[in-house]
Amino acid sequence: MESKRGWLKQSFGKRLNAIHSWNAWILLLLTITGIVLSIGAIRGDLGIFRVSLKQLHIYLGVASILLMVLYAPMIRKHWRQIRTRRNQRANLVFVLALLVGWAASGVVLWQFRHLPPALNNTALLIHDLLTWVGVPYAVYHAISRSRWLKRQQRLDQAAAAAAVKPPAVQPAATPPVAASDATAERSAAQAVIAALKASPITRASFLRLAAGLVLVIAVGPAFYRWIKGAFDTGGSSTAEYVAGDGNSMLPPPAPLPDSAAVVGGGAQGNFRIYTVTEIPAFSSETWQFAISGLVDKPGVWNWEEFLKLKRTVQVSNFHCVTGWSIYNCTWEGIPLKQLLAAAGVQSKAKYVKFYSGDKVYTDALSLEQADSDDIMVAVMLDGKPIPQKLGGPVRLIVPQMYAYKSVKWLQAIELIEKEHMGYWEVRGYDNDAWVDRSNNA
């Protein structure tokens with residue numbers, strides 16, 4: 001209570017400056033944590049720290065919302081204070097729009113498990129877009145409002161004032177009329193010359209312009225690539241992954257009719273590439289697939305033998321725990337139930353463990369979870385071999401769970417008795433990764 005009274009006793013200007021300062025620091029920390037979380041290449045290196053970092057990002061977001069609540073009663077008075085300053089008003093509107101947009105989309109992403117995936121997808125797009133726009137703007141704003149640049153502006157103004165100031169003339173006792181006229185004309189002439197000498201752009205303005213150009217050059221190309229991919233829902237990025245595939249798997253699988261026709265219409269959206277290791281490459285000459293453990297008929301297949309196994313086609317959505325989804329993917333592969341039935345699961349077996357060909361990533365499902373009809377050991381996506389970056393040549397697909405359960409580069413299945421915690425589960429992720437079934441649409 002005392003701290004509240006102390007806050008209210010402070011002058012309006014001090015409270016406004018305090019909120020502005022706190023917001024700047026929180027925005028800086030949100031930017032750093034958000035950028036680190038968004039870099040897929042270091043997800044594995046961060047390990048369990050990534051979960052803590054995500055929680056810190058959420059707490060910072062909540063603190064930012066509390067600052068907005070604190071500022072809300074001050075908006076009207078602040079708006080009146082800057083009523084004659086159009087630039088400051090425009091800046092205030094823009095910053096508030098950024099903060100509200102960030103907060104709203106961030107809350108949706110925070111509570112993604114309770115909301116429809118389509119809403120999460122939209123929230124992630126908005127959150128990313130505001131970050132691409134807002135962070136460079138905040139950097140530019142910080143530079144243009146820095147004390148050093150303000151000092152430079154004051155020096156420019158002082159120099160301009162001195163340039164047009166007429167020289168002091170010592171008064172004469174009885175100046176002749178001709179001398180007075182000559183002095184006046186000299187002053188006027190000097191003012192014209194000083195105006196011509198003055199730069200059309202001050203040093204402070206030039207530095208602001210330079211800072212803006214540097215930011216545009218640094219961020220522009222990456223922003224263009226992001227926005228091109230973000231608004232392209234035709235799956236063109238999948239085609240790019242196929243074109244740049246590093247696997248050498250011969251012969252390629254021949255698609256079934258429904259797979260070749262892409263009965264799902266084609267993946268709608270773009271996959272984001274996450275991996276905990278370097279992306280591995282595989283060759284049909286050395287690739288093998290195994291099923292073992294608590295089964296009656298363990299087996300090993302090479303590539304050609306694996307392609308002879310009976311496959312089916314299904315259309316399903318693909319949901320990532322970070323908030324994005326890909327819709328209407330046409331997958332072709334071997335149902336997991338079919339593989340388990342052929343192997344003969346023993347009564348002691350309670351869990352199905354999956355091994356990635358990267359030799360690091362593992363995950364598991366209980367036998368009850370693995371009994372779903374749509375869990376597939378997939379070899380094709382939209383009528384084409386699954387590209388290396390998307391987990392090919394073979395990956396697990398568990399449509400009703402978040403994608404960290406859909407093990408990429410799948411090469412082995414083991415039936416086990418005791419529960420296994422997968423790579424991300426031991427780092428804080430839920431072992432039961434069900435997408436809310438009422439929202440799985």
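Me: In which handedness of crossing, left-handed or right-handed, does helix 6 pass helix 7?
Reply: Happy to start there, and please keep in mind that this is a predicted model. Helix 6 covers residues 86-110 and helix 7 covers residues 117-144. Where helix 6 passes helix 7, the crossing is left-handed.

Me: How many charged residues does the contact of helix 6 with helix 7 hold?
Reply: The residues of this contact can be sorted by kind: 14 are nonpolar and nine are polar. The number of charged ones is no residue at all, that is, none.

Me: At what angle do helix 6 and helix 7 pack?
Reply: The axes of helix 6 and helix 7 lie 9 Å apart. The angle at which the two helices pack is about 145 degrees.

Me: Is L96 buried, partly exposed or exposed?
Reply: L96 is found in helix 6. Its relative accessible area is 24%. Buried would need a value under 20% and exposed one over 50%, so with 24% L96 counts as partly exposed.

Me: What distance separates the C-alpha atoms of L96 and M68?
Reply: Along the chain, L96 and M68 are 28 residues apart. In space, their C-alpha atoms are separated by 8.6 Å.

Me: How much of the chain over residues 92-112 is helix?
Reply: UniProt, in an unreviewed entry, lists residues 92-112 among its "transmembrane region" stretches. In the model, the end C-alpha atoms of this stretch are 30 Å apart, and its strand content is 0%. Its helix content is 90%.

Me: Is R50 buried or exposed?
Reply: R50 is found in helix 4, which spans residues 48-71. Its contacts, leaving aside residues up to four places away in sequence, are L37, R43, T322, W424 and Y429. The relative accessible area of R50 is 6%, and the limit for buried is under 20%, so R50 is buried.

Me: What distance separates the C-alpha atoms of R50 and R427?
Reply: R50 and R427 are 377 residues apart along the chain. Their C-alpha atoms are nevertheless separated by 8.2 Å.

Me: In which sense do strand 1 and strand 10 pair?
Reply: Strand 1 is made of residues 288-293, and four bridges link it to strand 10. One partnership in strand 10 is that of L415 with G293. The sense of the pairing is parallel.

Me: Which residue in strand 10 is the bridge partner of Y355?
Reply: Strand 5, residues 351-356, runs antiparallel to strand 10, and six bridges join them. Strand 10 itself, residues 410-416, is mostly covered, with six of its seven residues buried. The bridge partner of Y355 there is A412.

Note on methods: Residues numbered from 1 in each chain as written. Predicted model: local features only at pLDDT ≥ 70, side-chain atom pairs only at ≥ 80, totals over all residues. Heavy atoms only, no water. Axes fitted to C-alpha atoms, helices over the stretch in contact; angles between N-to-C directions. Left-handed = near helix turned anticlockwise from the far one by under 90°. Nonpolar A, V, L, I, M, F, W, Y, C, P; charged D, E, K, R; others polar. Buried < 20%, exposed > 50% of the residue type's maximum accessible area, 1.4 Å probe, protein only. Pairing = 2+ DSSP bridges. UniProt positions renumbered as here; feature names shortened; annotations may be inferred. Contact = heavy atoms within 4.5 Å.
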